[in-house]
Amino acid sequence: MKTSKTNKSANLTDTLRDCINTSELPFLQLEAQTGVLRQSLMKFSRGEQSLRLDQADKLAEFFGLELQLTAKSKPAAKGKK
């Protein structure tokens, strides 16, 4: 699979869309291998609709993507002195 450079700040939606669009696999083949309907894949890849979490999970697993937890600083509490 040919992939583009992934940006650390890219969100899950952009990363999955990039994987689909650079995979060079026909939507019918992606559907067969992931179980995500090709109509959903086509609309998602064009930015016309989002995916359900279970669909995103299947695609992330297929493309070998993993989520990583990162520590973020807590925002300051409002109204506390």
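This is a chat about the helices of a predicted model and how they pack.

Colleague: Okay, what secondary structure does the protein chain have?
Modeller: Keep in mind that this is a predicted model. The protein chain has four helices and zero strands. Going along the sequence, the pattern reads α-α-α-α.

Colleague: How much of the protein chain is buried?
Modeller: Of its 81 residues, 26% are buried. As for the surface, the chain exposes about 6700 Å², and 51% of that comes from carbon and sulfur atoms.

Colleague: And what share of the contacts comes from residues 24 or more positions apart?
Modeller: That's 47%, counting the contacts with a separation of 6 or more.

Colleague: Let's go to α1. Which of its residues are buried?
Modeller: Helix α1 covers residues 12-22, and the buried ones are T15, L16, R17, C19, I20 and T22.

Colleague: What do those buried residues pack against?
Modeller: The buried residues of α1 pack against α2 (27-34), α3 (38-45) and α4 (53-63).

Colleague: Is there a general reason to look at spacing in a helix?
Modeller: There is: an α-helix has 3.6 residues a turn, so residues three or four places apart point the same way.

Colleague: Handy. What caps the N-terminal end of α1?
Modeller: N11 does that, with a side-chain oxygen 3.2 Å from the backbone nitrogen of T13.

Colleague: What happens just after α1?
Modeller: E24 takes a positive phi of about 65° there. That's despite E24 not being a glycine. You'll find E24 in the loop between α1 and α2.

Colleague: Is E24 buried or exposed?
Modeller: E24 is exposed, because its relative accessible area is 61% and the cut-off for exposed is over 50%.

Colleague: Back in α1 for a second. Where does D14 stand, buried or partly exposed?
Modeller: D14 lies in helix α1 and counts as partly exposed, at 39% relative accessibility. Its C-alpha atom is 9.5 Å from the one of G47, and D14 and G47 are 33 residues apart along the chain.

Colleague: New topic: helix pairs. How do people describe two packed helices?
Modeller: They give the angle between the axes and the distance between the axes.

Colleague: Then what are the values for α2 and α3?
Modeller: The angle is about 120°, and the axes of α2 and α3 are 8 Å apart. The two helices are therefore oblique to each other. Their crossing is right-handed. On the α2 side the contact is made by F27, L28, L30 and E31, and on the α3 side by R38, L41, M42 and S45.

Colleague: And what about α1 and α4?
Modeller: For α1 and α4 the angle is about 55°, with the axes 11 Å apart. So α1 and α4 are oblique to each other. The crossing of this pair is left-handed. The contact is made by L16, C19 and I20 of α1, together with A56, L59, A60 and F63 of α4.

Colleague: L16, C19 and I20 sound familiar. Where did they come up?
Modeller: In the α1 list: L16, C19 and I20 are among the buried residues of that helix.

Colleague: One pair left on my list: what angle do α2 and α4 make?
Modeller: They pack at about 100°, with their axes 10 Å apart. That makes α2 and α4 roughly perpendicular to each other, because the range for that label is 65 to 115 degrees.

Colleague: Which residues meet there?
Modeller: L30, Q33 and T34 in α2 meet K58, L59, F62 and F63 in α4.

Colleague: Tell me about Q33. How accessible is it?
Modeller: Q33 sits in helix α2 and counts as partly exposed, at 42% relative accessibility. The C-alpha atoms of Q33 and K58 are separated by 9.4 Å, with their places 25 residues apart along the chain.

Colleague: Last one: is Q55 buried or exposed?
Modeller: Q55 lies in helix α4. It is buried, because its relative accessible area is 8% and buried means under 20%.

Colleague: So what does the side chain of Q55 lie by?
Modeller: A polar atom of the Q55 side chain lies 2.9 Å from the backbone nitrogen of R52.

Colleague: And which residues is Q55 in contact with, leaving aside its neighbours within four places in sequence?
Modeller: Those are V36 and S40.

Technical notes
Residues numbered from 1 in each chain as written. Predicted model: local features only at pLDDT ≥ 70, side-chain atom pairs only at ≥ 80, totals over all residues. Heavy atoms only, no water. Buried < 20%, exposed > 50% of the residue type's maximum accessible area, 1.4 Å probe, protein only. Contact = heavy atoms within 4.5 Å. Areas by Shrake-Rupley, 256 points an atom, 1.4 Å probe, with all protein chains shown as cover. Polar contact = N/O pair within 3.5 Å; in protein donor to acceptor, adjacent residues only side chain to side chain. Axes fitted to C-alpha atoms, helices over the stretch in contact; angles between N-to-C directions. Parallel < 35°, antiparallel > 145°, perpendicular 65-115°, else oblique. Left-handed = near helix turned anticlockwise from the far one by under 90°.
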